[in-house]
Amino acid sequence: MKRVFVNGYGSIGSRIIQFIADDRDIEVAGVGKYSPDEKVGDAISRGFKVFVPKNKIDHFKNFDISGTIEDNISDCDLVIDASPGGIGYENKKALYEPRNIRAIFQGGEKITGEKTVASFIFNSRVNYEKAFDKQFAMQGSCNVTGMGRIIQPLKEKYGKKIKRLDATLLRRWADLEDSKTIVKDSIEWSYNPHHDEDVKSYMGVDTPLFIRAFKVPTRQMHVHAMDVRFDGPAPSAEEIINLYKNEYGVATLYGVKGTKDIRDYAESIKFSFKDTNMIHIHADLTEVQDDVVKLTYSDDQTGIVVPENHLLMQAMLFKRKKEDAFRHTEELFHMYEKKRMLEAHFKERINNTV
Ligand SMILES: NC(=O)c1ccc[n+]([C@@H]2O[C@H](COP(=O)([O-])OP(=O)(O)OC[C@H]3O[C@@H](n4cnc5c(N)ncnc54)[C@H](OP(=O)(O)O)[C@@H]3O)[C@@H](O)[C@H]2O)c1
């Protein structure tokens with residue numbers, strides 16, 4: 001039994017802790033909260049012990065908190081840091097390094113420069129075993145994780161025949177449950193999006209990937225339009241779609257009108273947190289023109305990184321064999337069943353509208 005503390009109870013932290021609480025090999029040591037708001041009561045009502053920073057303890061007088069983060073994390077085997085982007089670095093310096101505690105950070109952190117949290121980005125499809133001896137590791141962001149799931153099978157099958165991967169990322173503005181962020185009526189762009197460096201850090205710096213990223217006013221997932229240019233004629237759309245048939249965490253869907261369609265279906269069949277935990281290839285948008293395959297897929301921003309954190313945790317804490325770790329994650333997340341249901345639902349719908 002290993003003790004794990006989750007530092008942060010927002011979109012990502014609240015999901016991670018809920019799933020690992022059902023893991024028989026893990027004792028959840030508690031969760032870190034920083035604001036005395038309604039989410040403190042929510043965490044306690046779900047059975048989690050809530051810990052707060054020493055210097056803020058007076059703000060939490062009206063809540064039944066269990067102690068301070070500083071005192072509680074010392075005897076933990078691992079902290080999963082789920083703080084806002086950039087704050088993970090501060091936690092590393094103030095909390096984890098001085099206590100020599102191992103930690104997983106989330107995708108809003110940096111892997112280069114002054115505020116580096118780790119030199120390693122995890123992607124279970126690409127580098128599972130490399131996480132075994134790490135003290136600090138970063139789980140790639142939702143977009144970075146999704147791109148790994150698309151590019152790795154292409155790379156394994158076609159290798160150097162791929163000349164370029166040009167991806168346009170349409171990113172959601174805020175998460176569904178994020179009531180603090182106002183979704184602006186604007187389309188904004190990122191200069192030097194971090195996704196490029198992050199993906200290349202684990203796929204190889206020579207990956208011919210070129211990214212443009214735009215933030216669009218929606219709370220419902222991301223969409224990536226990726227053009228894969230081959231050296232010579234491109235494979236057929238059918239061959240590309242077949243490549244992902246048995247990929248973990250990749251569903252192939254037909255007849256989807258938009259990202260909300262998928263969330264609505266996930267909600268209707270009571271997937272936890274309305275998450276599918278995967279990417280969805282939109283098969284009827286996949287086209288081939290001469291040497292280019294045009295792929296479109298959507299990426300469940302909040303859900304996709306949660307099973308990945310569970311896999312990374314198993315690699316770091318137990319050095320479990322990859323297939324055993326995936327089996328164990330499957331017991332908690334039921335990804336095969338989710339994929340099967342999503343694919344059956346959207347296929348049936350298109351059949352009914354033909
Ligand atoms: N949201 C997504 O779809 C998504 C997907 C992939 C990766 N990520 C990454 O995951 C990380 C967390 O994102 P999120 O969307 O979950 O953020 P979020 O919803 O804003 O939640 C952040 C949480 O961190 C807490 N917090 C504040 N200061 C903290 C500190 N010093 N140490 C630890 N926790 C602190 C906040 O506590 P209080 O509320 O109590 O102040 C809040 O519970 C980011 O790196 C983000 O880039 C997010």
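In the structure in front of you, let me start at Ile279, which stands opposite Asp299 in strand E16; E16, residues 292-299, is joined to strand E14 by 3 bridges, and the two run antiparallel. Two strands count as paired here if DSSP finds at least two bridges between them, and the elements themselves are DSSP runs numbered from the N terminus, helices being H or I with at least four residues and strands being E with at least two.

Before going further, I should say that this is a predicted model, in which local features need pLDDT of at least 70 and side-chain atom pairs count only at pLDDT 80 or more, while totals for chains, interfaces and linings use all residues. Residues are numbered from 1 along each chain as its sequence is written.

Staying with E14, residues 279-282, both of its faces are covered, with Ile279 and Ile281 buried on one side and His280 and His282 buried on the other; buried means that 20 or more other C-beta atoms, placed from the backbone, lie within 10 Å of the residue's own, exposed means 12 or fewer, and partly exposed lies in between. E14 also runs parallel to strand E13, residues 250-253, through 4 bridges, and there Leu253 stands opposite His282.

Turning to the helices, H10, residues 305-318, has 12 of its 14 residues buried, so it is largely enclosed by the rest of the structure. Among those buried residues are Glu308, Asn309, His310 and Gln314, alongside Leu311 and Leu312. Its end C-alpha atoms are 19 Å apart, which agrees with the 20 Å that 14 residues should span at 1.5 Å a residue, where the expected span is 1.5 Å times one less than the number of residues. After H10 comes Lys319, with a positive phi near 45°.

What are the buried residues of H11? They are Ala325, Thr329 and Phe333, and they cover an arc of only 60° around the axis, which puts them on the same side of H11; the arc is taken over the directions from the helix axis to the C-beta atoms. The face turned away from that buried side carries the exposed residues Glu323, Asp324, Arg327 and Glu331. Just after H11, His334 takes a positive phi of about 50°.

Finally, there is an open sheet of 8 strands with parallel pairing, in the order E4-E3-E2-E1-E5-E6-E8-E7. Within this sheet, strand E1, residues 2-7, and strand E2, residues 26-32, pair in the parallel sense over 6 bridges, and Phe5 stands opposite Gly30 in E2.
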